[in-house]
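Please open the structure in a viewer and keep the sequence panel at hand. The tour below proceeds by selections, each followed by a description of what is found there.

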Amino acid sequence: MPTILGQNQYGKAENRVVKITRDGATHHIKDLNVSVALSGDMDEVHYSGSNANVLPTDTTKNTVYAFAKEHGIESAEQFGIHLARHFVTSQEPIQTARIRIEEYAWERIATSDANSKFIGADEVKHSFVRKGQETRLTQITYDGEKWEVVSGLKDLVVMNSTNSEFWGYVKDKYTTLQEAYDRILATQVSARWRFNWTDDEQRMPNWEKSYEQTRKHMLQAFAETYSLSLQQTLYQMGSRIINNRSEIDEVRFSLPNKHHFLVDLEPFGLKNDNEVYYAADRPYGLIEATILRDGCEPKIPVDLTNL
């Protein structure tokens, strides 16, 4: 045979599931986009077309919805762990399951006080508005023995309007950028962090608290770092997470520099004292790096699109 089969996987991608938990009149929402990828003893389906070892992707879709009912959705990570364990332990040909989940956050709408003219306005606990700050992410991989949980977020846009400089860089005949001693620093954070929970004998992290605290430390580091480069800020963000969250051993960031250029107002007889900027969407600098706990090996793929 002139060719052989390499790495392969299959599953059902982007299963949108919304779970409403009804605690009396108070409702809670979990809104997920779940993608399932399965691999194992799948040579024959590729070579001969035999489906003897193939669990239909439609079945994986149905499993997602059934598990939302049977197990609930405590967190994206916990839900992915339930799914991965099920596929590996219930189907002998499946040796590895990878579950990717995006979570879309909602917050409760604050309603009128008890004196509102609208009947029951003070009792509404079932109305929500979609949060637009970022999308929460997680990827769970299970091979029957070991777990790998990599969580994170994307599309979190942040800005410092001062306390950022950029100067002292290499210059050659093509350099036109002027040194800046007071600039806007803005980026759209894409981050992944890897947990050191790898087997069922370990104590499982509190996934919801971990996400909340990791996000908090990331944002605090961004706000509190007097930045001489986006690279420096990135390192401080990752270090703050590693130093404060013992369950996390590795953080990887991809930070596009959302450039803000001062507009030249001199032709109009006006002085622009760091007040009016042009926000450029492209091209943009792209800063990427991994921050590790000392003694740990990097495992998050360099190209985050291959997670």
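Begin by selecting Asp199, which is buried, with a relative accessible area of 17%; the cut-off for buried is under 20%. The model on display is a predicted one.

**Stop 1: Asp199 and its partner**

Keep Asp199 selected and add Lys146. The two form a salt bridge, in which the closest N and O atoms are 3.6 Å apart. Asp199 belongs to the loop between β8 and α4, and Lys146 to the loop between β6 and β7, so this pair ties together parts that are 53 residues apart in sequence. Lys146, in contrast to its buried partner, is partly exposed, with a relative accessible area of 46%. Side chains of opposite charge can pair when their charged atoms come close.

**Stop 2: Thr198**

Next, select Thr198, which is found in the loop between β8 (185-195) and α4 (207-224). Which residues does Thr198 touch, leaving aside those up to four places away in sequence? They are Glu145, Lys146 and Trp147. A distance drawn from the C-alpha of Thr198 to that of Trp147 reads 4.4 Å, although 51 residues separate them in sequence. Thr198 itself is partly exposed, at a relative accessible area of 27%.

**Stop 3: helix α4**

Now select the whole of α4. Its 18 residues should span 26 Å at 1.5 Å a residue, and the end C-alpha atoms are indeed 26 Å apart, which agrees. Colour the buried residues of this helix: Trp207, Ser210, Tyr211, Gln213, Thr214, Arg215, His217, Met218, Ala221 and Phe222. An α-helix has 3.6 residues a turn, so residues three or four places apart point the same way. Against which elements do the buried residues of α4 pack? Their partners are α3 (76-90), β6 (135-142), β7 (147-160), β8, α5 and β9.

For a view of the neighbourhood of Trp207, select Gln78, which lies in helix α3. Gln78 touches Met204 and Trp207, residues up to four places away in sequence not being counted. With a relative accessible area of 13%, Gln78 is buried.

**Stop 4: the charged pair Glu208 and Arg136**

Select Glu208 together with Arg136. A salt bridge joins them, with the closest N and O atoms 2.9 Å apart. The pair links distant parts of the chain, since Glu208 is in helix α4 and Arg136 in strand β6, 72 residues apart. Is each partner buried, exposed or partly exposed? Glu208 is partly exposed, with a relative accessible area of 27%, whereas Arg136 counts as buried at 8% relative accessibility.

A further pair may be selected for comparison: Arg282 and Asp281. Their salt bridge has its closest N and O atoms 3.2 Å apart. Arg282 is exposed, with a relative accessible area of 61%, and Asp281 counts as exposed at 51% relative accessibility. Then extend the selection to Lys30, Glu77, Glu103, Arg136 and Glu208, which salt bridges with shared partners join into one network. The structure holds 17 salt bridges.

**Stop 5: the annotated positions**

Select Thr57, Phe166, Arg183, Gln231 and Asn257, where UniProt, in an unreviewed entry, places the feature "binding site". These positions span 201 residues in sequence, and the farthest two C-alpha atoms are 50.8 Å apart, so they do not all gather at one spot.

Two of these positions merit a closer view. Gln231 lies in helix α5 (residues 230-244) and counts as partly exposed at 45% relative accessibility. Asn257 is placed in strand β9 (residues 248-257) and counts as buried at 9% relative accessibility. Beyond the residues up to four places away in sequence, Asn257 touches Arg183, Ala186, Leu230, Tyr284 and Gly285; Arg183 is also among the annotated positions.

**Stop 6: the hairpin of β1 and β2**

Finally, select strand β1 (residues 15-23) and strand β2 (residues 26-40), which pair in the antiparallel sense over nine bridges. Within this pairing, Val18 stands opposite Asp31 in β2. Two residues lie between the strands of the hairpin, and Gly24 takes a positive phi near 65°.

Note on methods. Residues are numbered from 1 along each chain as its sequence is written. This is a predicted model: local features need pLDDT of at least 70, side-chain atom pairs count only at pLDDT 80 or more; totals for chains, interfaces and linings use all residues. Side-chain values use heavy atoms; hydrogens and water are left out. Helices (H or I, at least four residues) and strands (E, at least two) are DSSP runs, numbered from the N terminus. Buried means under 20% relative accessible area, exposed over 50%, partly exposed in between (1.4 Å probe, protein chains only). Contact means heavy atoms within 4.5 Å. UniProt positions are given in the numbering used here, feature names are shortened, and annotations may be inferred rather than shown by experiment. The expected span of a helix is 1.5 Å times one less than its number of residues. A salt bridge is a side-chain nitrogen of Lys or Arg within 4 Å of a carboxyl oxygen of Asp or Glu. Two strands pair if DSSP finds at least two bridges between them.
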